[in-house]
Each structure stands twice: as structure tokens, then as C-alpha cells.
Amino acid sequence: MSVTADAIPEVQSAVKAGAAPAIVLEKVSKWYGSMQVLRDITLTIAQGERIVICGPSGSGKSTTIRCINRLESHQEGRIVVDGTELTDDLRALDTIRREVGMVFQSFNLFPHLTILENCTLAPIWVRKMPKAEAEELAMDYLRRVKIPEQAKKYPGQLSGGQQQRVAIARALCMKPKIMLFDEPTSALDPEMIKEVLDTMIGLAETGMTMVCVTHEMGFAQKVADRVVFMDRGEIVESGTPARMFNDPQTDRLKLFLSQILRGH
Amino acid sequence: MADIAAEAAVPFAARQRPPAAVVGPAAWARTNLFGSWWSTALTLLIGYLALRFAWGFVSWGLVHAVWSVPHNDAGQPNSAPCRAVIGIGACWAVISDKYRFILFGFYPYDEQWRPLVCIALFLGLYGVSANRRFWRRELGLVWIAVLALIMLLMHGSATLGMTVVTDDRWGGLPLTLILATFGLALAFPLAVMVALGRRSRTMPAVRLLCVVYVELIRGVPLISLLFMSSVMFPLFMPQGVNFDNLLRAQVAIILFAAAYLAEVVRGGLQALPKGQYEAADALGLSYGRKTRLIVLPQALRIVIPPLVNTFIGFFKDTSLVLIIGIYDLLQSGRAAVDDPVWQGFGNEVYILLAAIYFCFCFAMSKYSRGLERGFSRSRVR
Ligand SMILES: Nc1ncnc2c1ncn2[C@@H]1O[C@H](COP(=O)(O)OP(=O)(O)OP(=O)(O)O)[C@@H](O)[C@H]1O
Ligand SMILES: [Mg+2]
């Protein structure tokens with residue numbers, strides 16, 4: 001479906017067999033009022049594993065990954081991230097948010113701070129890093145996402161693709177163990193999608209544990225260890241990208257794939 | 001070929017200039033003032049009225065005005081020359097005779113250099129704070145130090161060899177500046193806390209308290225709050241316990257201003273996209289850091305215009321303290337023309353008072369526009 005599919009090199013899997021899982025979701029359920037949006041979600045993500053979550057709109061993809069860093073709280077079941085269970089305990093929450101980076105569909109850069117300040121903010125205030133060191137680190141990551149020359153500008157002066165790459169750099173400056181992406185390319189013009197996907201592929205090559213909600217099937221095919229298909233708050237089917245796309249088992253996935261292929 | 005060469009010889013910039021018919025004051029007047037018969041007629045009518053008024057004012061205020069009056073041997077002014085021109089010319093003599101009372105009220109005559117220095121300190125404080133280069137933590141300390149110094153100067157201290165002047169004798173412009181500056185400087189942080197409290201999701205009791213506070217205070221006029229502070233409050237206090245009248249009025253102003261400012265600040269908090277809060281959360285920033293580094297800087301920028309609007313309103317509303325017998329600038333002006341010699345010359349005094357209030361309010365308004373422009377420059381969308 002994506003123009004970039006053929007350009008993407010296959011990325012070697014980085015899953016560490018035998019290590020403790022990075023994320024465990026156990027029978028997680030969540031309601032908004034009386035509407036159930038997550039039903040018994042059970043998913044174990046190994047360290048270094050790269051998961052792509054896909055599914056129709058409103059199926060609960062965003063809610064699932066937002067539960068992982070507790071931007072939303074779940075009501076039933078257990079979520080364990082990097083060995084720490086998510087509860088109402090604020091200390092546990094702090095620990096987890098340090099280790100989990102997140103990239104949003106709408107970038108959510110801080111418009112009143114420069115690009116550099118956006119990147120150094122959390123290392124300075126959360127990790128208590130000296131300012132000079134934080135700036136060096138930030139410049140390092142800005143170079144990796146290929147926009148060091150924009151460091152002194154404000155987010156409003158950058159293109160969407162550049163902003164999203166800054167958002168990725170900002171999250172990486174916290175040196176997280178896990179990165180969450182919620183449709184990072186959906187708000188972008190087609191010509192900017194590639195630059196962001198390339199950045200994410202570069203990140204995948206470093207062995208980062210990644211959970212991406214995306215409809216970029218080319219990206220999923222080349223990068224994901226596992227694709228999880230959600231519909232109406234449930235995990236309907238999951239497996240390797242090749243198996244999922246070439247040999248879908250359920251009717252819901254078949255329908256979804258046909259719609260997505262038609263759509264692009 | 002020759003044509004082309006001739007064309008090219010005309011300087012590019014010269015050819016790019018628009019024809020004179022669409023720019024310049026003449027063109028502006030043509031399109032905006034004399035665009036049609038109807039608007040030409042209106043322009044002429046309004047122009048005529050404006051000229052009449054301006055001429056009337058010049059004639060009254062300058063041509064036929066009386067600038068000074070003779071004094072008798074006892075130093076008493078004789079306002080007869082002014083009375084002779086009532087209705088024809090202004091009597092500015094009332095101001096040259098009474099300006100010290102208007103500016104400083106009943107403050108002892110020989111000590112009036114002290115409130116004068118206080119006015120200068122206030123102006124200096126505003127000037128320094130207006131400069132964004134000085135927006136650092138130390139500025140807060142400067143404020144505390146300068147305000148303390150102002151209090152010391154106004155009140156005096158026997159140990160330092162200064163005459164003590166209790167605050168029932170304070171008055172005029174310094175008193176207005178004290179009420180407004182202390183009022184807004186203390187109301188603003190309170191307002192921010194109330195606005196944040198009102199949005200708290202984890203502390204329902206705090207939220208309820210903030211809602212009740214805002215709604216209760218907004219529901220009554222400032223005048224009644226001032227009355228309550230000065231008349232009712234002492235009734236409920238045990239005998240002998242007596243807070244000073246000025247302090248109570250000041251507290252009433254702070255509480256009142258804070259309720260209004262809190263609603264303005266809350267507007268800014270609400271206008272901030274949810275994604276900003278989420279991004280700060282996702283980075284692991286604590287509530288305090290998120291509020292201080294991400295939320296407030298953006299929310300307060302959004303509300304600069306309504307915030308300054310409220311500031312200006314309260315600067316003028318401090319004049320309501322006259323109903324509880326405090327001699328602020330307005331009340332000192334009114335009292336000046338209670339002097340039998342000068343009775344009937346209120347217009348001149350009110351013009352002066354209006355001019356003073358205008359200077360302060362216009363400066364605030366102009367400054368806020370500059371501030372908005374400065375902020376938006378760093379945030380091109
Ligand atoms: N704050 C909220 N209050 C009430 N309902 C909500 C809220 N957020 C999401 N929902 C509902 O929860 C369901 C799942 O939403 P979610 O955002 O997780 O879907 P999604 O799979 O990410 O969809 P999309 O592809 O459109 O982003 C939807 O039905 C949505 O309407
Ligand atoms: Mg979503």
C-alpha cells in the first residue's frame with residue numbers, strides 16, 4: 001500500500017530470548033462510562049520486540065498503548081511494564097514514564113520552547129542532568145533525526161515531518177527502554193511520511209522495544225516482529241506480518257485488509 | 001528590439017511601486033471618508049462637530065483660562081478672578097494651588113517628599129518589570145524589597161529618626177498605587193492557584209472550595225465587600241481586636257481581584273490543547289513542573305489581553321475605597337474642591353485626575369500589546 005514499502009530494508013529482529021518481558025498486559029479491560037473499549041487484552045511483548053497494532057477506527061488501539069504509560073487507567077487486569085506493575089502508586093508511575101517514550105499523532109511539541117529546549121526539558125527536570133550535558137545529548141539525537149540545524153527554531157517554524165522527528169528525538173533524549181507510537185504518520189502529508197518512517201526504522205535497528213499503532217503496512221512488513229489486529233476492543237488476531245497479510249485467518253482481518261488496500 | 005531595451009532600462013523597483021492613486025493619505029481619505037455622497041456628508045458633519053468641540057475646549061482651557069490667582073497676606077488664595085470667568089474659562093489655579101493635596105492627601109506637608117519618592121519607586125519597579133530581560137527569579141526579590149521599602153517610607157520609623165505617619169493620613173496617588181500594586185501583585189498568584197485548584201481532578205474538596213470562592217465573590221459588588229470589610233467585620237471581632245481600615249480594604253480588593261483573575265486564567269488553562277498536558281505527562285514531568293514549565297507559560301500568554309483588561313479595570317476600581325473614607329487619588333481630588341475657596345471648580349480637578357488615570361491605564365494597554373507582539377514573533381504558525 002505504501003510507496004515506501006519497497007525502499008524499506010528488512011530489519012533484523014532484536015528480540016532477546018529468555019529475558020524478562022518488557023510489557024505484559026493481562027486480561028486488561030477498560031470502560032468509558034458504560035461503554036467497554038478494551039476487552040480482556042492479553043499481550044506479552046519481549047525486550048527488543050517490535051509490535052505493530054492495527055485495526056479499524058475506534059477499535060481501541062490508542063487506548064491500549066495509552067494504558068501502557070497510564071495516560072489512561074485501566075479498570076481490570078494487570079499491566080506490568082519493565083518489571084513494575086502499573087497501579088495508582090505515583091512512584092511506580094514516575095519510574096515507568098521515565099522508561100517509556102511516546103510519540104503522538106499530533107506531535108504535541110511545546111510551542112513556546114525552542115526545538116533544543118523541547119528536547120532538554122525532560123532530561124534536565126526529570127533526569128536531573130546538567131544543562132550542558134542535556135544539550136549535548138539533545139544535539140546528538142537531533143543529528144540522528146537529521147535536523148540539528150533547526151535546534152534554535154520554534155516548533156511552529158518547522159514542517160510536519162520535521163516536527164514529528166523532533167518529537168521522536170525529544171522522547172529518545174530520556175533514553176527510554178520502550179517507545180510507543182500512536183499513528184505517528186497519520187497527520188503528515190504523503191511526502192513527509194517517508195522521512196518519519198525512515199527515522200523509526202533507524203530506531204528499530206538499534207534494538208529498541210517498539211509498539212506502533214500504524215496503518216503503514218509496508219513499514220509493518222519490514223520492521224515488525226509481530227502484528228496485532230484489534231477490533232471493537234479485542235485482539236482478534238496476531239502473528240508475523242507475512243502470516244497476517246498473506247494468510248489472514250479471521251473474516252474481520254480479511255475485511256480490514258481489503259479495505260485498507262482499497263483505501264490506498 | 002528597441003522597445004525591450006527601453007523597458008529594461010526602467011529600474012525594477014520603480015516599476016514595482018503601486019500607483020499613487022491607491023496609497024498615501026489622500027487615497028486613504030478618498031476611499032474611507034469620501035467614498036460616497038452619504039459618507040461625505042457624514043464626514044463633514046462629524047468633522048464640524050469635532051472642530052466645534054475642540055475649539056470650545058481650547059477656548060475654555062487655554063484662551064480664557066486663569067492660571068494663577070493672587071494670595072492675601074495670610075497666604076490665602078483669592079479665587080475672585082476664577083469666579084469671574086466661570087463658564088467661559090478654566091481655572092487651572094485650583095490645581096497649582098491644591099496639587100499637593102490632590103497628590104498626597106492629608107500626608108503631613110513637610111514629609112511629602114516620602115510619598116513622592118514612593119511614586120518614583122513604583123514607577124521604577126514597573127519600568128524594570130516591564131523589561132523581559134529582567135524576568136528572572138531575582139525580580140521577585142526586587143519586588144519584595146521595593147514594596148517593603150515603600151511601606152517603610154510611607155509609615156516612617158521612630159528608630160530611624162523618621163516621623164511616623166499612620167496610614168489613616170495616607171492619601172492621593174501613592175495610596176492608589178499601593179492599593180492597585182499590592183492588590184494585583186498578591187491577587188495574581190492567588191488567582192493562579194484558584195484557577196489550578198478549580199481544574200484539579202484528584203482533589204475534589206479543593207476544587208469545590210475554589211468554585212465556592214469564585215462564585216461567592218463574583219456574586220457581590222466590590223462596594224458591598226468593602227462595606228463589609230470596614231463595617232461588618234469589626235462587629236464580629238472581639239472587643240479590642242482592631243485591624244486597620246486600609247489593610248481590610250486592601251484584603252477585600254485582593255480577594256475580589258483574585259476571583260476575577262482566576263476566571264481569566266482558567267480560560268487560558270482550558271484553551272491549552274489536551275495534547276500539551278499529555279506530552280508533559282508522557283515525559284514524566286511531575287505536576288508542579290508540568291504546570292510551571294509547560295502549562296502556565298502557554299496559558300498565561302493566551303490570556304494576556306483579558307488579563308490586562310482586568311488589571312486596568314481594577315486599577316480604576318481602587319477608587320471605590322472612597323466610600324469607606326480612604327483618601328485615594330479620586331477622593332483627595334474631591335476633597336480638594338471642598339475647600340470653600342475652591343468650591344465649584346471640580347471640572348478642572350477631574351480633568352487632571354482623568355489624565356493621571358489615563359496615563360497609567362494607557363501605559364498598561366500599550367505595554368500588553370507590545371508583549372503580545374513579542375510573544376507571537378517567537379511562535380510563527
Ligand atoms: N475520553 C474518551 N471518552 C469516552 N470515550 C472515548 C474516549 N476516548 C476514546 N473513547 C472511545 O473509545 C473507543 C476506542 O478509542 P481509541 O481512540 O482507542 O480508538 P483507536 O483504535 O485509536 O481509533 P483511531 O484509529 O480512530 O485512532 C472509541 O469508541 C472511542 O469513541
Ligand atoms: Mg487512535
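I count a residue as near a molecule if one of its heavy atoms lies within 4 Å of it. I apply this cut-off to a predicted model.

**Entry 1: the surroundings of ligand 1**

I first looked up which residues surround ligand 1. From the early part of the list I noted Tyr32(A), Met35(A), Val37(A) and Pro56(A). I then noted the run Ser57(A), Gly58(A), Ser59(A), Gly60(A), Lys61(A), Ser62(A) and Thr63(A), and finally Glu183(A).

I sorted this shell by class and found four nonpolar, six polar and two charged residues.

Which elements each supply at least two residues of the shell? I found strand S2 (35–45) and helix H1 (61–68) of chain A. The largest share, three residues, comes from H1(A).

**Entry 2: polar contacts of ligand 1**

I next looked up distances from oxygen atoms of the ligand. For Ser62(A), I recorded 2.6 Å between an oxygen atom of ligand 1 and an N or O atom in the side chain. For Glu183(A), an N or O atom of the side chain lies 3.1 Å from an oxygen atom of ligand 1. For Ser59(A), the partner is a polar backbone atom, and the distance to an oxygen atom of ligand 1 is 3.2 Å.

I then asked how much of ligand 1 the protein covers. On its own, ligand 1 has 630 Å² of accessible area, and the protein covers 60% of this.

**Entry 3: chain A against chain B**

I turned to the interface of the two chains. The size of an interface is often given as the accessible area lost when the parts come together. Here I noted a buried area of about 2,100 Å² between chain A and chain B, with 62% of it given by carbon and sulfur atoms. In chain A, the residues that lose the most area to chain B are Pro111(A), His112(A) and Trp125(A), which together account for 28% of what that side buries.

I also recorded the contacts: 23 residues of chain A meet 22 residues of chain B.

**Entry 4: pairs across the interface**

How many salt bridges are counted between chain A and chain B? I found one. Arg66(A) forms a salt bridge with Glu278(B), and their closest N and O atoms are 2.7 Å apart. I noted six residue pairs in polar contact across the interface, both residues being at pLDDT 80 or more.

On the side of chain A that touches chain B, strand S6 (100–103) and helix H3 (115–125) of chain A are the elements that give two or more residues. The largest share, three residues, comes from H3(A). By class, I listed 14 nonpolar, five polar and four charged residues on this side.

Conventions:
Residues numbered from 1 in each chain as written. Chains lettered and ligands numbered in written order. Predicted model: local features only at pLDDT ≥ 70, side-chain atom pairs only at ≥ 80, totals over all residues. Heavy atoms only, no water. Polar contact = N/O pair within 3.5 Å; in protein donor to acceptor, adjacent residues only side chain to side chain. Areas by Shrake-Rupley, 256 points an atom, 1.4 Å probe, with all protein chains shown as cover. Helix = DSSP H or I, 4+ residues; strand = E, 2+ residues; numbered from the N terminus. Nonpolar A, V, L, I, M, F, W, Y, C, P; charged D, E, K, R; others polar. Contact = heavy atoms within 4.5 Å. Buried area = accessible area lost by both parts, 1.4 Å probe. Salt bridge = Lys/Arg side-chain N within 4 Å of Asp/Glu carboxyl O.
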